[in-house]
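Visitor: Hey, got a minute to go through a structure with me? I'd like to start with the helices.
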Amino acid sequence: MTEVQREEDDDLQELSEVLFALANARRLRILHEVDEPETRTELADRMDVSRQAISKHIDKLLEHGFVRQLPGWRESGPVDEFQVDPKRLYAIGKEIADLGHLEPKGGPELTDAQATEIRADSIDDDSPTSKGSSAQAHLLVLDGPEEGDRFVLAGEQDRWTIGREEDRDLCLDHDPYISGSQFEIQATPDGHAVVDVYSSNGTYVNFGQLPEGGRTALEPGDVVRIGRTSLVYQRR
């Protein structure tokens, strides 16, 4: 076995251990339902299981980075809260998707022309969110009928509007929990920022809700959550 093969086996073994940790209906339900930070007791009560049982599942999800422990506060005083890490879930999903396209590490590098051709082919010409653009940044839609579409941040614009209204640059009218005008993406010297436009339903970036009218810079892999829809900011 070559060194490259050993490295690949190590990576696959690590992935198999992560998937084994997810092979439990209760843990999957936790990942599905924990939209807001909750304590072990709150989660146990809501899911109608013992605190001991919920703690076991939370600890396993913590071990593999699927939930994060955050400081919180209740009337009784400081507490530990737990929230799902959407970036970790997305990363594992990408690893699974890449299984069918494994390339030996250390293999021949692509020429610039080949890399350009592959990048061009990766844009779906039939997708309205991808036409006519050579942008290096986009939002990947993870839910709903637009799942898998890339909304490319390109052209002469320096801001893009997202919401349920038809005149938004990205219209997500399938999700009733999204406001008519939800948020904007604004170009910055370093990349892009997300700006809540005083939406009634709230705009979330990773773990936190933006204040009304709030703004934060985006990093590759950041997950923007609006209503029941998630979008991943990517740059390439």
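Visitor: So, at what angle do the axes of helix α3 and helix α4 cross?
Guide: This is a predicted model, to be clear up front. In it, the axes of α3 (residues 40-47) and α4 (residues 51-63) cross at roughly 115° and come within 9 Å. The crossing is right-handed.

Visitor: Which residues in α3 and α4 meet there?
Guide: From α3 you get Arg 40, Thr 41, Leu 43, Ala 44 and Met 47. They meet Arg 51, Ile 54, Ser 55, Ile 58, Asp 59 and Leu 62 of α4. By class, this contact has six nonpolar, two polar and three charged residues.

Visitor: OK, switching to strands. What's the order in the open sheet of six?
Guide: The order is β4-β3-β13-β12-β9-β10, and the pairing is antiparallel.

Visitor: And which strands stand at the edges?
Guide: β4 (150-152) and β10 (208-209). Each has a single partner strand, so one side of each has no neighbour in the sheet.

Visitor: How many bridges does β10 share with β9?
Guide: Two, with β9 (residues 204-205) and β10 paired in the antiparallel sense. Val 205 stands opposite Gly 208 in β10.

Visitor: Last one: where does Tyr 177 lie?
Guide: Tyr 177 is in the loop between β6 (170-171) and β7 (183-188). Its relative accessibility is 44%, so Tyr 177 counts as partly exposed.

Visitor: What does Tyr 177 touch, leaving out residues up to four places away in sequence?
Guide: Asn 201, Gly 227 and Arg 228. Also, the C-alpha atoms of Tyr 177 and Ser 200 are separated by 9.3 Å, with the two residues 23 apart along the chain.

Notes:
Residues numbered from 1 in each chain as written. Predicted model: local features only at pLDDT ≥ 70, side-chain atom pairs only at ≥ 80, totals over all residues. Heavy atoms only, no water. Helix = DSSP H or I, 4+ residues; strand = E, 2+ residues; numbered from the N terminus. Buried < 20%, exposed > 50% of the residue type's maximum accessible area, 1.4 Å probe, protein only. Contact = heavy atoms within 4.5 Å. Axes fitted to C-alpha atoms, helices over the stretch in contact; angles between N-to-C directions. Left-handed = near helix turned anticlockwise from the far one by under 90°. Nonpolar A, V, L, I, M, F, W, Y, C, P; charged D, E, K, R; others polar. Pairing = 2+ DSSP bridges.
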